[in-house]
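Biologist: I'm new to this one, so could you walk me through it, one question at a time?

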Amino acid sequence: LAWKVARIHANDLAARFAEAGVNITVEQWRALLPAYKADGLTQGRLCDMLSQEKTGVSRLVAALEKHGLLRRESGDDDRRVKYIYITDAGRELVDFTLDIVQESRSEIARHVDPDEFAVCKRVLWQLIEPHLDAACCLKKEP
C-alpha cells in the first residue's frame, strides 16, 4: 500500500513538474533534496538515505550534475570518496518546486481525515526509524 501511494504521488508530481517546466524526473528531485538539506554528503551516504544501490544513485547524481544542479568532488584523503554539493541552480530549483510538492501532497491526501493521516504517518515512522542511523538527515514531519 505504501508503494502504491508513493507511485500515485510520483505520477502526480511528474505531471506537475512537466506543467511547471521542471526538467528533471521525480526520482532525480528526490536525490537532489538531501544535498539541499545537508550539502557535502558523500555519495555513499546519499545511497543510504535514498535506500538505493550505488549504481542507481551514481546515475542519478551524474544526471543532476549534467543538468548543473549538483557537483561532485573527490575527497582529499581518499579520491574514491565523492562528496556531493548542490549548485545555486540546484538550490533555486528546489526552492521553486517546494510549493509544487506540497500542493501535490495536499491534493493526494485531501480525502483523508487529518487525525487518521497523523496516525498513519506515526505508524510508518515506527516502521522506518529502526532502519535509520543517528546521522541520517531525513526528518520526521510533524
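Biologist: Is Arg71 buried, partly exposed or exposed?

Modeller: Keep in mind that this is a predicted model. Arg71 has a relative accessible area of 37%. Buried would need under 20% and exposed over 50%, so Arg71 counts as partly exposed.

Biologist: And which residue forms a salt bridge with Arg71?

Modeller: The closest N and O atoms of the pair are 3.0 Å apart, and the cut-off for a salt bridge is 4 Å. The partner has 34% relative accessibility, so Glu73 counts as partly exposed. The residue bridged to Arg71 is Glu73.

Biologist: How many salt bridges are there?

Modeller: The rule asks for a side-chain nitrogen of Lys or Arg within 4 Å of a carboxyl oxygen of Asp or Glu. Counted that way, the total is six.

Biologist: Which residues are linked in a network of salt bridges?

Modeller: Start in helix α1 (residues 2–20), where Arg16 and Asp12 sit four residues apart, about one turn of the helix; their side chains meet at 2.6 Å, N to O. Arg16 also meets the side chain of Glu103, at 3.9 Å. That second pair links distant parts of the chain, since Glu103 is in helix α5 (residues 88–108), 87 residues away from Arg16. So the network is made of Asp12, Arg16 and Glu103.

Biologist: How are helices α2 and α4 placed: roughly parallel or roughly perpendicular?

Modeller: Helix α2 (residues 26–37) and helix α4 (residues 54–66) pack with their axes 10 Å apart, at an angle of about 90 degrees. That angle makes α2 and α4 roughly perpendicular. The contact is made by Glu27, Gln28, Ala31 and Leu32 on the α2 side, and by Leu60, Ala63 and Leu64 on the α4 side. In words, then, α2 to α4 is roughly perpendicular.

Biologist: How many of the eight residues of helix α3 are buried?

Modeller: The buried ones in α3 are Gln43, Arg45, Leu46, Cys47, Met49 and Leu50. They pack against α2, β1 (41–42), α4, β2 (70–74) and β3 (82–86). That leaves α3 largely enclosed by the rest of the structure, and the buried count is six.

Biologist: Which residue just after α3 takes a positive phi?

Modeller: Helix α3 covers residues 43–50. Just after α3 there's a phi of about 55 degrees, and the residue that takes it is Ser51.

Biologist: Last one: what is the area of the nonpolar surface patch with Leu124 in it?

Modeller: Leu124 lies in helix α6 (residues 114–128) and is partly exposed, at 37% relative accessible area. Val119, Val123, Leu127 and Ile128 make the patch together with Leu124, and its area is about 400 Å².

Technical notes. Residues are numbered from 1 along each chain as its sequence is written. This is a predicted model: local features need pLDDT of at least 70, side-chain atom pairs count only at pLDDT 80 or more; totals for chains, interfaces and linings use all residues. Side-chain values use heavy atoms; hydrogens and water are left out. Patches are made of residues with over 30% relative accessible area and no salt bridge: like charges are joined within 9 Å, nonpolar side chains (Val, Leu, Ile, Met, Phe, Trp, Tyr) within 5 Å. Accessible areas come from the Shrake-Rupley method with a 1.4 Å probe; for residues, only the protein chains shown count as cover. Helices (H or I, at least four residues) and strands (E, at least two) are DSSP runs, numbered from the N terminus. Buried means under 20% relative accessible area, exposed over 50%, partly exposed in between (1.4 Å probe, protein chains only). Axes are lines fitted to C-alpha atoms, for helices over the stretch in contact, and angles run from 0 to 180 degrees between N-to-C directions. Angles under 35 degrees count as roughly parallel, over 145 as roughly antiparallel, 65 to 115 as roughly perpendicular and the rest as oblique. Contact means heavy atoms within 4.5 Å.
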